[in-house]
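Biologist: I'd love a close look at one part of this protein, namely the places where the chain is linked back to itself. Could you walk me through them one by one, and then tell me what surrounds them?

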Amino acid sequence: MVLGTVRIRLFGIDAPELSQSCSDIQGASWGCGAWSKAVLERLAQPGLSCAPKDIDRYGRTVAVCYDATGVDVNAEMVAAGAAYAYVKYAKDYVETEAYARAGGIGLWRAAVTPPAQYRADKRATQVASKPVQTHPEGCAIKGNISKSGKLYHLPGGRWYEGTRISPASGERWFCSEGDAQAAGWRRAQG
């Protein structure tokens, strides 16, 4: 969400993606992502304040937000079944999620793919649908330009398969790490 000019990611929770659909008890599709957004809009009334905890890799402020009466909006999202406790990053809302789950509230009344899994599946589909790039003989290191700068990716690395080289954008293939480093590129993490 955006508070003033600050983009905020709610700490400790993971809500369905806006485009995400879920299945209800009868197997019918429903827009659980849009529904989750509507729940947040209802909770995020005037007087909302947020306590920053971190900055994520996308530059968003990660925060716990409170309504005008001091109620934790992040917890309310989980209690309403509109978000999961994001245990990968925090355990703060695990108990709240257990109550929502036991009561069949919100997302827990249906068949829902957890948002993190939905995003991973979507990325995998996007990568699989892209044509395979072939590297020049003996030069399989990918030199990629991103907002993080000039990075090179080694075969088998975390981001290697999903990285596409665009020579028109100044990206290129390298035959060795030494070549990449000599050209001013740095090794990608992962």
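Modeller: Happily, and let's begin with contacts along the chain: of those between residues at least 6 apart in sequence, 57% join residues at least 24 apart. Please keep in mind that this is a predicted model. The chain has five helices and twelve strands. Its radius of gyration is 21 Å, well over the 16 Å that the globule rule gives for 190 residues, so the chain is more spread out than a compact globule. Along the principal axes, the C-alpha atoms fill a box of roughly 60 × 40 × 25 Å.

Now to the links you asked about. The structure holds three disulfides. If you number the bonded cysteines in sequence order, they pair as 1-2, 3-4, 5-6.

Start with Cys22 and Cys32, whose sulfur atoms are 1.9 Å apart in their disulfide. The torsion about this S-S bond is about 60 degrees, so the disulfide of Cys22 and Cys32 is right-handed. Cys22 belongs to strand β4 (residues 22-23) and Cys32 to helix α1 (residues 32-43), so the pair ties together parts that are ten residues apart in sequence. How accessible are the two ends? Cys22 counts as buried because its relative accessibility is 3%, under the 20% cut-off. Cys32 is buried too, with a relative accessible area of 0%.

The next link joins Cys50 and Cys65, with their sulfur atoms 2.0 Å apart. With 105 degrees about the S-S bond, the link of Cys50 and Cys65 is also right-handed. This one runs from strand to strand: Cys50 lies in β6 (residues 49-55) and Cys65 in β7 (residues 61-66), so the pair ties together parts that are 15 residues apart in sequence. The two ends differ in exposure, since Cys50 is partly exposed at 23% relative accessibility, whereas Cys65 is buried at 0%.

The remaining disulfide joins Cys139 to Cys175, and the S to S distance here is 1.7 Å. The link of Cys139 and Cys175 is right-handed as well, with 65 degrees about the S-S bond. Both ends sit in loops: Cys139 is between α4 (115-129) and β9 (141-146), and Cys175 is between β11 (172-174) and α5 (177-182), so the pair ties together parts that are 36 residues apart in sequence. Cys139 counts as buried at 10% relative accessibility, while Cys175, at 44%, is partly exposed.

So what lies around these cysteines? Two of them turn up in nonpolar cores, which is a good way to place them. In soluble globular proteins, nonpolar side chains tend to be buried together. Cys65 is in the largest nonpolar core, which has 21 residues; along with Leu10, Ile13, Val73, Met77 and Tyr93, Cys65 is among those that touch the most other members. Elements that each supply at least two residues of this core are β2, α1, β7 and α2 (73-79). A second, separate core has eight residues, and Cys32 is one of them, as are Leu107, Trp108 and Val112.

Ile13, from the 21-residue core, makes a good place to zoom in. Leaving aside neighbours within four places in sequence, Ile13 is in contact with Asn74, Met77, Val78, Ala83, Tyr84, Tyr86 and Tyr93. Ile13 is also reached by a charged side chain: that of Arg9 comes to the backbone oxygen of Ile13 at 2.9 Å. Arg9 lies in strand β2 (residues 6-10), and Arg9 is buried, with a relative accessible area of 18%. Beyond neighbours within four places in sequence, Arg9 is in contact with Asp14, Asp56, Arg60, Thr61, Val62, Ala63 and Tyr86.

To set this against the whole chain, buried residues make up 34% of the 190 residues. The accessible surface comes to about 11200 Å², with 54% of it belonging to carbon and sulfur atoms. For an exposed example, look at Gln189 in the segment after β12 (186-187). Gln189 counts as exposed because its relative accessibility is 67%, over the 50% cut-off. The C-alpha atoms of Gln189 and Arg158 are 8.0 Å apart, although the two residues are 31 residues apart along the chain.

Notes: Residues are numbered from 1 along each chain as its sequence is written. This is a predicted model: local features need pLDDT of at least 70, side-chain atom pairs count only at pLDDT 80 or more; totals for chains, interfaces and linings use all residues. Side-chain values use heavy atoms; hydrogens and water are left out. A disulfide is a pair of cysteine sulfur atoms within 2.5 Å. Helices (H or I, at least four residues) and strands (E, at least two) are DSSP runs, numbered from the N terminus. Buried means under 20% relative accessible area, exposed over 50%, partly exposed in between (1.4 Å probe, protein chains only). A polar contact is a pair of N or O atoms within 3.5 Å; within protein, one must be able to donate a hydrogen and the other to accept it, and residues adjacent in sequence count only if both atoms are side-chain atoms. Contact means heavy atoms within 4.5 Å. A nonpolar core is a set of buried Ala, Val, Leu, Ile, Met, Phe, Trp, Tyr and Cys residues joined through side-chain atoms within 4.5 Å. The radius of gyration is taken over C-alpha atoms; the globule rule is 2.2 Å times the number of residues to the power 0.38. Accessible areas come from the Shrake-Rupley method with a 1.4 Å probe; for residues, only the protein chains shown count as cover.
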